[in-house]
Amino acid sequence: MNLVWKLLKQHISKPQFAGFFLANLVGMLIILLGVQFYQDAMNAYNGKDGFMKEDYLIVSKKVSTLGNTIFKQSTGFRKDELAQLEEQDFVDKVGAFTPSNFKVRAGLNLMGFSRMSTDMFFESVPDEFVDTDQSWSFKEGDQFIPIILPRDYLDLYNFGFAQSKNLPSISEGLATSVTLDITIKGNGREDHFDGRIVGFTNRLNTLLVPQAFMEWANKTYATGKKVEHSRAILKVKNPTDENLARYLQNHNYQTDSSKLNSSKTAYVLRIVLGIVMAVGVVICLLAFYILMLSIYLLIQKNSNKLEDLMLLGYSPSAVARPYQTLSIGMNIAVLAMGLVAVWSIRSYYIGKMESFFPNYEGANATTTLLVGLGLFALVSAFNYLLTARKMKTIWKRED
């Protein structure tokens, strides 16, 4: 093994390996920084709202004085309207909001203060549109109802109602730990349930419950009135598609423009970062080519001496090992320095984001680390296999 190392050192071109190292480091840095920045940026857009994806849009019908107020035309979506929406090229998936057709009242005893209660309403969407790790299920016989609450509702209580009534403010952590007493009436029945807020959302202005509960409750407590879908939720392919805006306008539909703009921004950000990371991948591939070319040149320069070593009893794998160790060692150094550089740059822009977004929390670095390890493993494996193959070619030539 020492003989192989001596041969390797005699013909190493430091400029070539320095070029590989720098090129691979730049490519690795671009890829890892793009992955981490995208995650942090999405956290800034969505805040603590992890329940609705950024490419989901809430669509409703416009309310008119003549049609809806005077003639009491329905503002709900019919099945054929939902089916027509789903047929559009710019839509991936369509879901419908199902409203509660029964009376709901919720109350709680808060920190020793007298019981507070209020009338409420529930809505649900198909569970596939809700992204949460919390318990989000219901089956007949359960006494617990999970609820997702709009963050605006908590703000209205804390900064409006609580201050005017000299009541204590409620943090999100406290709100999620309090059990609500839910009373449901309808169809000659009255039942009591335990409810708990499992999270808050910025994207939905409704009290969200699981779809399974809503279907069961409407069937059990509704008084025979037909349940209409109040709104539609769309998963769109491209929120910047002009056909989307044109379709909504032509059918007298509306959506929150701020959420649409946020979705457009997120879409553009994905495209830009995708292009940047593609450049990083190209640089990494070129750097890998430089490394393999350098090692192949080293092997070619030493081919006669390597053949002699094999004739002396060294196996092709033993002769290839120093070259493989060199490339893996350089890849480890590139990964380590790339992660350090990403963390340093991230520390800078996180400080900037915190000044623009109150209570901002950056994403964890697990995905970035896994991507880095994946790139390291892929490049190292290719290098290992190609070097071993080259040595076997020399051995077969000698045979």
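The exercises below work through a predicted model of one protein, each with a solution in steps.

Residues are numbered from 1 along each chain as its sequence is written. Because the model is predicted, local features need a pLDDT of at least 70 and side-chain atom pairs count only at pLDDT 80 or more, while totals for chains, interfaces and linings use all residues, and side-chain values use heavy atoms, with hydrogens and water left out.

**Exercise 1. Confidence and overall make-up**

Determine which element of the protein has the lowest mean pLDDT and which the highest, and describe the protein as a whole.

Solution. Start with pLDDT, the predictor's confidence in each residue, from 0 to 100; the protein averages 77, and 75% of the residues score at least 70. Next, take the elements, where helices (H or I, at least four residues) and strands (E, at least two) are DSSP runs numbered from the N terminus: there are twelve helices and eleven strands. Among these elements, helix H3 (residues 65–70) has the lowest mean pLDDT, 52, and strand S6 (residues 123–124) the highest, 91. Where pLDDT is low, the predicted coordinates should not be read in detail. Finally, buried residues (under 20% relative accessible area, with exposed meaning over 50% and partly exposed in between, for a 1.4 Å probe and protein chains only) make up 43% of the 399 residues.

**Exercise 2. The buried faces of H4 and H8**

Find out how the buried residues of helix H4 are arranged around its axis, and then do the same for helix H8.

Solution. In H4 (residues 79–86), the residues Glu81, Leu82 and Leu85 are buried. Seen down the axis of H4, the buried residues fall within an arc of 100 degrees (the arc of the directions from the helix axis to the C-beta atoms), so they line one face of the helix. An α-helix has 3.6 residues a turn, so residues three or four places apart point the same way. The buried residues of H4 pack against strands S1 (56–61), S2 (91–96), S10 (232–236) and S11 (253–255), and also against helix H8 (242–250).

Turning to H8, its buried residues are Leu244, Tyr247 and Leu248. These cover an arc of only 95 degrees around the axis, which puts them on the same side of H8, whereas Glu242, Gln249 and Asn250 are exposed on the other side. Leu244 counts as buried because its relative accessibility is 1%, and its C-alpha lies 8.7 Å from that of Gln88, although Leu244 and Gln88 are 156 residues apart in sequence.

**Exercise 3. Two asparagines with positive phi**

Locate Asn187 and Asn252, and state the phi of each.

Solution. Asn187 lies in the loop between strand S8 (179–186) and strand S9 (189–201), and its phi is near 60 degrees, a positive value in a residue other than glycine. Asn252 is found in the loop between H8 and S11, and its phi is likewise positive and near 60 degrees. Most residues other than glycine have a negative phi. As to cover, Asn187 is partly exposed at 47% relative accessibility, and Asn252 is partly exposed at 40%.

**Exercise 4. The surroundings of Thr98**

Establish whether Thr98 is buried or exposed, and list its contacts beyond its sequence neighbours.

Solution. Thr98 is found in strand S3 (residues 98–99), and it is buried because its relative accessible area is 7%. Leaving aside neighbours within four places in sequence, Thr98 is in contact (heavy atoms within 4.5 Å) with Phe122, Glu123, Ser124, Gln211, Met214, Asn218, Val227 and His229.
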